[in-house]
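Student: I'm new to this one and would like a close look at a single part. Could you walk me through it slowly?

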Amino acid sequence: MLTIDGVTVRLGGRAILERASATVPVGARVGLIGRNGAGKSTLMKALIGEIEPDAGEITKPSRARIGYIAQEAPSGTKTPEEVVLASATERAELLEELETCTDMDRLGDVHDRLLAIDAYSAPARAAKILNGLGFDEEMQQRPVESFSGGWKMRIALGALLFSEPDILLLDEPSNHLDLEATLWLENFLKSYPATLLVISHERDLLNKVVDHILHLQGGQLTLYPGGYDAFEKQRAERASQLAAAKASQDAQRARLQDYVARNSARASTAKQAQSRAKMLARMQPIAALMEDPTLSFDFPDPEELRSPMITLDQAAVGYGDAPPILRRLNFRIEADDRIALLGRNGNGKTTLARLLASQLAAAEGEVNAPGRLKVGYFTQYQVEELAGEDTPLDLMNRAMDGAAQGAVRAQLGRFGFSGSRAQTRVDMLSGGERARLALALITRDAPHLLILDEPTNHLDVDVREALIQALNDYSGAVILISHDRHMVELTADRLILVDGGTAREYAGSMQDYIDFILGRKQPKDDRRGGGGKSRGSRGKTSENQARAAKSDVTNAEKAIERLTADVEKLDKLILEHGGMKAGQTGRSMQDLLKERAEAANTLAEAEETWLAACTALEAFEQV
């Protein structure tokens, strides 16, 4: 058992952990969660002995090996395969001894031990882990120093998983992974044979991998059975119980205070009043669960812009004089689109995002967009560059040069930086707070299109939910690159697969894509190659017709939504201006009623189109 008993850790004079206690059973898979800055990483460092607690004790099973990724990524001329194999230290030591040992009895013992730890299948197991983390055969043989920081952290993760410690500690392991690698990691951890403690803000991972949630709040630890959904339910029930208990106590306190006030001066009741005063002094106040105002934020709505917002016609894009990374790009971005870009890291998702954000020019073909199109483009690099003594107010003042202080503070307030928070030094903000600040900065001029490249890194679960809500309330278009499939499923209604040197519509659902990645289904679009079986022309025709029907349904739904809004807007104008003259409104009541009738007729036609498309789609899906 792993026992945390009354642990207190102070950093910079502030108590991060305060008399925190919890017991993790042997073999448990535990998700460690809490708001950004709550102290999750501090607890991890205390568990591995990097930080000495100011009070309390941490007890681990005797001779248990604890595994934790070091802060420094691996480097040097070794290959990823060599780094991963070297993490199995006993195997490496035995193989080295095998080369030099001359004692025949000892040689026999070494061979027996190598067989016992399955040492000879180690290269195959290492290759399987690296492949799952996105390294193909060629990449596994390249020197580590040739990789970027994110890929180096994948190598470090692979080495840790391969070493199979008795207690595996992981701190946000999916931050440097794409969706495909995240899914592989999730499946790997499901069957991990020893104790697991993972800091994660991935709702799906916390639901599918862990069997306990360890919640860190206010320096205290509480262990809940089950995954994240079970935790949320239990927390809601606890909040309701606390609210009821607090209301009851407040009522009792009010009655006692009233009695003391009315009876303290009377000799006949003074003793009873003193008794009740002592009862009041001993009464420990019940604190309601903390509510955080930063959990609510929103994006400013842009001015209206006609569709299509961007049109790509046989476009290609790349870097410098090198051959284009993506070719044959043919699709449109509508003014109300919610798009998720799918595909492995390295396939060109970020390159496509930069093309749409006008950070890269088309090498071939055309990219057409209106001159007044405003794009807000978010990347993790922007978060990492926010540092130093500047405050959010300093940065926003520079970004909104010339704007009134009220407007500057209003934009910061949208993202939780109100009052004194706006004047906190950036280097004192958590990673999640810096991410929110970067979102505030890129949306300062109310962009028509938001392009978000992995926006959830360093955001805790509650803030991710707030981001999902903000995106769904935002009236502009959104293009999302994210390994958080919970966010993709709740925000995106259109999927574009970036693969094979191009990007095209993905006909299936997010679940279809996940099933394909995990090998449970063939790809929805057999043009991808790599695993699809050839089919007759009849099968291809049916699939194409089904895809066309699904596109018709989506287009009709968007038309209905737009036309419904038009009718509602005209109803409001008729209500507001019904009593005014034409000269006051610019349009007569007759004109408004005529426009309303035309919009209603068009809406009815769109609804009929939608019904016909749904019927056609159902027919194809039953084939």
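Student: Let's take W151 and what's around it: does W151 count as buried or exposed, and what is its relative accessibility?

Tutor: Before anything else, keep in mind that this is a predicted model. W151 counts as buried, because its relative accessibility is 18% and the cut-off for buried is under 20%. W151 sits in helix α7, and its ring has a partner, F135. The two are edge-to-face, with 5.1 Å from centre to centre and 80° between the planes. F135 belongs to the loop between α5 and α6, so the pair links distant parts of the chain, 16 residues apart. F135 is buried as well, with a relative accessible area of 0%.

There's a third ring to look at here. Ring pairs link F135, F147 and W151 into a cluster. F147 also has a charge for company: the charged end of R142 sits over its ring, 4.3 Å from the centre.

Now step back along the chain to α5, which covers residues 122–132. Its buried residues are A122, A126, I129, L130 and G132. Seen down the helix axis, they fall within an arc of 160°, so they line one face of α5. Turn to the other side and you'll find A124 and K128, which are exposed. And what do the buried residues of α5 pack against? They pack against several helices: α2 (80–86), α3 (89–100), α6 (137–140), α7 (149–163) and α8 (179–190). Notice α7 in that list, the helix that holds W151. Just after α5 comes G134, which takes a positive phi of about 105°.

If you'd like something to hold this pair up against, try F299 and F415. They form an edge-to-face pair too, at 5.7 Å centre to centre and 65° between the planes. F299 lies in the loop between α11 (270–282) and β10 (310–317), and F415 in the loop between α15 (405–414) and α16, so this pair ties together parts that are 116 residues apart in sequence. F299 counts as buried at 4% relative accessibility, and F415 is buried with a relative accessible area of 0%. F299 is also among the residues that touch the most other members of the largest nonpolar core, which has 49 residues. Helix α16 (residues 431–442) gives that core its largest share, seven residues.

Key:
Residues numbered from 1 in each chain as written. Predicted model: local features only at pLDDT ≥ 70, side-chain atom pairs only at ≥ 80, totals over all residues. Heavy atoms only, no water. Buried < 20%, exposed > 50% of the residue type's maximum accessible area, 1.4 Å probe, protein only. Helix = DSSP H or I, 4+ residues; strand = E, 2+ residues; numbered from the N terminus. Arc of directions from axis to C-beta. Contact = heavy atoms within 4.5 Å. Core = buried A, V, L, I, M, F, W, Y, C linked by side-chain atoms within 4.5 Å. Phe/Tyr/Trp six-rings, centres within 6.5 Å; stacked < 30°, edge-to-face > 60°. Lys NZ or Arg CZ within 6 Å of the ring centre and 35° of its normal.
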